[in-house]
Amino acid sequence: MRRIYPGSITSYSQFGHLKVPKSVKAVCPECRKKVDFVLKSTYQSSKHGLMTESSCPSCKHSAPFIIIMKEREEHPDVYIYDPKTMTHPLNQIEQLPRIPEELVRAYKSAVNVHQSKENSATAVLAKRVIENILKHFLSEQGRGLTLEQQFKVLPEHIDLVKPVSSLSPLLASDGALHQMLELEMDLDDEMAELIMDLLEDLIQYLFVLPGKIEITHNLIEKKLD
Ligand SMILES: [Zn+2]
């Protein structure tokens, strides 16, 4: 699911006493072009909201939309079903540059065998995924080292700071982004969305992922106790 912010909703229609989005600007889940979706007025309604669909004017792909109504709030939450932006890494890795094919294959197989509850096969493939991750960053320098030794030297081979430090020039005081944040310059819907994406990325990278790794690490240790 991908959230569609109120700024990208271009028109509303009245549905009972509710204001329901009628057309929205969004990236098509299929062709990835930014298009105007006109939502069908044949809603399926439930206690929590509405479900409908809309065809991409560019590729004709029919995309499901979910509209969640909230009490005492004018704008409902609107989502488009986009499997490629779902949080499961399997849906994300293929879109990213620089991920070795072998690693993607190993991870996909690990997910598959885990789903069919084959625990020994899960262990075998989990090890292959870990080895592939280490091989990607350590290449020849990991040769002959145990997994423990490889993990120990791994941080020397990854620049974990770069994704954050490279943002510094983007926020230069005389730069356009800084001026937009200071309201000295207008930003359009697309820029507002990109800024929201950046906030999400930063929070994921700095808080969510390190926190999740720590929690999983602790749970594994507790289980092994
Ligand atoms: Zn499309």
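Which exposed residues does the face of H2 turned away from its buried side carry? The legend for Figure 1 takes this up, and the other legends visit further parts of this predicted model.

**Figure 1. Helix H2 and its two faces.** Let us start with helix H2, which covers residues 101-115. At 1.5 Å a residue, its 15 residues should span 21 Å, and the end C-alpha atoms are indeed 21 Å apart, so expectation and model agree. The buried residues here are Ala106, Tyr107 and Ala110. They cover an arc of only 95 degrees around the axis, which puts them on the same side of H2. An α-helix has 3.6 residues a turn, so residues three or four places apart point the same way. To answer the opening question, the face turned away from the buried side carries the exposed residues Glu101 and Gln115. After H2 comes Lys117, with a positive phi near 55 degrees.

**Figure 2. An open sheet of five strands.** Follow the strands across this sheet and you meet them in the order S1-S8-S7-S6-S5, with antiparallel pairing. Strand S1 (2-4) and strand S5 (44-45) stand at the edges with a single partner strand each, so one side of each has no neighbour in the sheet. At one edge, three bridges join S1 to S8, and Ile4 stands opposite Val78. At the other edge, S5 is joined to S6 by two bridges, and here Ser45 faces Leu50 as its opposite residue.

**Figure 3. The S6-S7 hairpin and its turn.** Strand S6 (residues 49-55) pairs with S7 in the antiparallel sense over seven bridges. Within this pairing, Leu50 stands opposite Ile67. The two strands form a hairpin, with six residues between them. Look in the loop between S6 and S7 for Lys60. Although Lys60 is not a glycine, its phi is positive, at about 70 degrees. Most residues other than glycine have a negative phi. Lys60 has 10 other C-beta atoms within 10 Å, so this residue is exposed.

**Figure 4. Strand S7, one face buried and one not.** Strand S7 runs through residues 62-68, and its side chains alternate. Ala63, Phe65 and Ile67 point to one face and are buried. Ser62, Pro64, Ile66 and Ile68 point to the other face and are not buried. Next door is strand S8 (residues 77-80), joined to S7 by four bridges in an antiparallel arrangement. Two of the residue pairs are easy to find: Phe65 stands opposite Ile80, and Ile66 has Tyr79 as its bridge partner. S8 also has two faces, a covered one with Val78 and Ile80 and an uncovered one with Asp77 and Tyr79.

**Figure 5. The largest nonpolar core.** This core has 16 residues, and Ile4, Val24, Ala26, Phe37, Phe65 and Val78 touch the most other members. Strand S3 (18-27), strand S4 (34-38), S7 and S8 each supply at least two of the core residues. S3 gives the most, with four. Zoom in on Phe65 and, leaving aside neighbours within four places in sequence, you will find contacts with Leu39, Thr52, Glu53, Ser54, Val78, Tyr79 and Ile80.

**Figure 6. Pro21 in strand S3.** Here the view centres on Pro21, which sits in strand S3. With 23 C-beta neighbours inside 10 Å, Pro21 counts as buried. Not counting residues up to four places away in sequence, Pro21 touches Ile9, Tyr12, Leu39, Ile67 and Val78. Ser8 lies 13 residues from Pro21 along the chain, and the C-alpha atoms of the two are separated by 10.0 Å.

**Figure 7. Leu183 in a loop between two helices.** The loop joining helix H6 (176-181) and helix H7 (189-224) holds Leu183. Leu183 is not a glycine, yet its phi is positive, at about 65 degrees. There are 8 C-beta neighbours inside 10 Å, so Leu183 counts as exposed.

**Figure 8. Domains of the chain.** To place the close-ups, turn to the domain assignment, which gives domain 1 (2-83), domain 2 (87-158) and domain 3 (159-225). The centres of domain 1 and domain 2, taken over C-alpha atoms, are separated by 37 Å.

Definitions and conventions: Residues are numbered from 1 along each chain as its sequence is written. This is a predicted model: local features need pLDDT of at least 70, side-chain atom pairs count only at pLDDT 80 or more; totals for chains, interfaces and linings use all residues. A residue is buried if 20 or more other C-beta atoms lie within 10 Å of its own, exposed if 12 or fewer, and partly exposed in between; C-beta atoms are placed from the backbone. Two strands pair if DSSP finds at least two bridges between them. The expected span of a helix is 1.5 Å times one less than its number of residues. The arc is that of the directions from the helix axis to the C-beta atoms. Domain bounds come from an automatic or database domain assignment. A nonpolar core is a set of buried Ala, Val, Leu, Ile, Met, Phe, Trp, Tyr and Cys residues joined through C-beta atoms within 7 Å. Two residues are in contact if their C-beta atoms, placed from the backbone, lie within 7 Å.
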